[in-house]
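This report goes through a few local features of one protein model, moving from a single loop residue to a pair of helices and then to the nonpolar core. The sequence and structure are shown first.

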Amino acid sequence: MTVARPNVAARKIEEIGYERLRIYFLSFRDNSLPGKPFIPGTTYNQILRLYEGDTKIRDVCFMAVGRFELAFRNALSEVLSARFGSHPYFQDAAFRTSGHHNEAIKKTIQVFSQTKDQRARHYRVTYTEPPLPPIWIMKEFFTFGTAARFYEALANDVRKEIASEFGVSVPMVFDSWIPGFVDLRNICAHHDRLFNRHFQKQPQFYRRGNVPIAMHMTLKAQLECLDYAMDGFSSATGVVGSVQRIIDRYPEINNADLGY
């Protein structure tokens, strides 16, 4: 590997961290040879460019999935409050089974008791009954993962109504999309790589919407579903196209590694 400016290279390793940057070296190694040497002609700048392109992809994905997270928590709150009132946690009919109900309310109480949000402190000081605030306040204390688990506990007809808010008429399909979106959000939040990742939680194919078209373990499949859901919510993100434009500016990125 050619390193034109060793001092700059060393500073970049200090800034990024060797273990984080090392994963980007792998795309430029010849795995068929002993020791997996770098492909002839590889430069350190190519590796930095790959890292930079992946960072830009991560940024636009984080923004898009963040918008979905807010829309999802709001839809959860709106559907539940319209059907069951301000405190749906206490309604058996809102949940799949009594076991799901018990787990959901236990987790909700835990979240509320642990949050340091000023709104939660105000509610604790001002009210003693009910022990939990209305769902439209409580959903602000949910992380994306907590909201997803709460959604999983809901009755089929409730989940179907929430899914329909995002243009998906089959709740089982939408159910499969949410965990992938949560993983995508966490990957972005922790500055992990996206450029050659295979997602373990893969979205089911939605026949009516013909999504996803890309291989289901790839980033593009997640983004196609994300775009479809946000289009259904009338809040388009266009993240599939945004990522494509970044790939076009960075030839160091292998399109197939992202499902493009």
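## A loop threonine, a helix pair and the core

In this predicted model, the side chain of Thr115 reaches the backbone nitrogen of Asp117 at 3.2 Å. Thr115 lies in the loop that runs between helix 4 (98-114) and helix 5 (118-126), and because buried means under 20% relative accessible area, Thr115 with its 19% relative accessibility counts as buried. When neighbours within four places in sequence are left aside, the residues in contact with Thr115 are Ala120, Arg124 and Phe141.

Turning to the helix pair, helix 3 (residues 44-84) and helix 11 (residues 239-249) have axes that come within 10 Å and cross at roughly 170 degrees, which means that helix 3 is roughly antiparallel to helix 11. The residues that make this contact are set out by helix below.

| Helix | Residues in the contact |
|---|---|
| Helix 3 | Arg49, Gly53, Lys56, Ile57, Val60, Cys61 and Ala64 |
| Helix 11 | Val239, Val243, Ile246, Ile247 and Arg249 |

By character, the residues of the contact of helix 3 with helix 11 divide into eight nonpolar, one polar and three charged.

The largest nonpolar core holds 79 residues, and those with the most contacts inside it are Phe68 and Phe174; helix 3 gives the most to this core, contributing 17 residues. Not counting residues up to four places away in sequence, Phe174 touches Phe68, Phe72, Tyr151, Ile162, Ala163, Phe166 and Val168. As a general background, nonpolar side chains tend to be buried together in soluble globular proteins.

Notes:
Residues are numbered from 1 along each chain as its sequence is written. This is a predicted model: local features need pLDDT of at least 70, side-chain atom pairs count only at pLDDT 80 or more; totals for chains, interfaces and linings use all residues. Side-chain values use heavy atoms; hydrogens and water are left out. Helices (H or I, at least four residues) and strands (E, at least two) are DSSP runs, numbered from the N terminus. Buried means under 20% relative accessible area, exposed over 50%, partly exposed in between (1.4 Å probe, protein chains only). A polar contact is a pair of N or O atoms within 3.5 Å; within protein, one must be able to donate a hydrogen and the other to accept it, and residues adjacent in sequence count only if both atoms are side-chain atoms. Contact means heavy atoms within 4.5 Å. Axes are lines fitted to C-alpha atoms, for helices over the stretch in contact, and angles run from 0 to 180 degrees between N-to-C directions. Angles under 35 degrees count as roughly parallel, over 145 as roughly antiparallel, 65 to 115 as roughly perpendicular and the rest as oblique. Ala, Val, Leu, Ile, Met, Phe, Trp, Tyr, Cys and Pro count as nonpolar, Asp, Glu, Lys and Arg as charged, and the others, Gly among them, as polar. A nonpolar core is a set of buried Ala, Val, Leu, Ile, Met, Phe, Trp, Tyr and Cys residues joined through side-chain atoms within 4.5 Å.
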